[in-house]
Amino acid sequence: MDCPPPCPRSTGSPEAAAAPRRTRIKICGLTREADVDAAVDAGADAVGFVLYPKSPRAVDAARAGALARRLPPFVTPVLLFVNASAGEIAAALAAVPHALLQFHGDETRTDCEAPARPYLRAARMAPGFDLLDFAARFPSASGLLLDAHVDGYGGGGKVFDWSSIPPGVPCPVVLSGGLNPANVTDGVLRVRPWAVDVSSGVESGKGIKDAALMRRFCQAVREADERLAAATREHP
């Protein structure tokens with residue numbers, strides 16, 4: 001997944017630049033070689049490896065490294081952490097040295113910046129959550145990943161209210177939370193995110209990806225992009 005610039009230089013709001021562009025696709029929670037290969041074949045720009053032991057999709061640093069080595073050029077490995085120690089992050093980066101980092105816990109700006117690597121910061125979209133204030137607290141983030149707020153960490157495969165995303169988010173938005181092949185086209189059309197992120201929505205079981213669902217998901221994103229491009233041509 002191409003890394004967008006840090007927050008002050010871009011926008012992920014629904015009023016983002018009118019010129020059509022390709023929505024990037026991240027498939028997260030991969031645990032098997034066959035699923036990594038299928039995600040790449042489907043058209044994923046990035047694949048995510050969960051370094052959180054309590055997750056049913058968790059892998060350790062060595063396993064993440066083995067899976068990441070299957071990736072061809074220009075497909076980005078993403079390492080997902082939840083309140084990990086500096087040593088745990090360093091071990092994962094030693095195994096996957098060119099990874100983009102993704103922080104899903106209670107990490108502060110200092111925590112996120114400590115590894116000196118590009119990172120995404122997850123925002124848990126609870127009712128009343130001030131996303132603009134949250135973005136201001138992480139100006140060095142390459143993007144904000146918007147997920148549903150559930151007990152624990154992660155979105156639990158739940159969709160949040162997309163209308164709660166305020167205009168003028170000063171940073172690229174990665175739309176997550178309950179996306180699947182049936183609803184991602186609508187999500188891209190309504191939110192106009194920089195990227196979309198999917199995990200349980202393309203699975204046959206926890207941590208077991210379904211190749212056909214991954215293909216359908218990527219095709220649905222491309223359909224949304226084509227519809228946006230057509231609308232721009234009709235109403236430049």
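**Buried cysteines and nonpolar cores**

C171 sits buried in this predicted model, with a relative accessible area of 0%. C112 is buried too, and its relative accessible area likewise comes out at 0%. As for cysteine pairing, the structure holds 0 disulfides. A disulfide, for the record, is a covalent bond that links the sulfur atoms of two cysteines.

Zooming out to the whole chain, the secondary structure adds up to 7 helices and 10 strands. Of the 236 residues in the chain, 52% are buried. What is left open to the outside comes to about 10300 Å², with carbon and sulfur atoms supplying 54% of that exposed area. Sequence-distant pairs feature heavily in the contact list: taking contacts with a separation of 6 or more, 60% are between residues 24 or more positions apart.

On to the packing. The largest nonpolar core has 61 residues, and the ones with the most contacts inside it are I27, F49, L79, L146, I165, V196 and F217. Helix α7, running over residues 211-234, gives the most to this core, chipping in 8 residues. Apart from this core lies another one, made up of 9 residues, including L100, L120, V174 and A195.

L146 deserves its own look, being on the list of residues with the most contacts inside the largest core. Leaving aside residues up to four places away in sequence, L146 touches A123, M125, L131, F160 and I165, and also the run V173, V174, L175, S176 and G177. One of these partners, I165, is itself on that list for the largest core, while another, V174, belongs to the core of 9 residues.

How values were computed. Residues are numbered from 1 along each chain as its sequence is written. This is a predicted model: local features need pLDDT of at least 70, side-chain atom pairs count only at pLDDT 80 or more; totals for chains, interfaces and linings use all residues. Side-chain values use heavy atoms; hydrogens and water are left out. Helices (H or I, at least four residues) and strands (E, at least two) are DSSP runs, numbered from the N terminus. Buried means under 20% relative accessible area, exposed over 50%, partly exposed in between (1.4 Å probe, protein chains only). Contact means heavy atoms within 4.5 Å. Accessible areas come from the Shrake-Rupley method with a 1.4 Å probe; for residues, only the protein chains shown count as cover. A nonpolar core is a set of buried Ala, Val, Leu, Ile, Met, Phe, Trp, Tyr and Cys residues joined through side-chain atoms within 4.5 Å. A disulfide is a pair of cysteine sulfur atoms within 2.5 Å.
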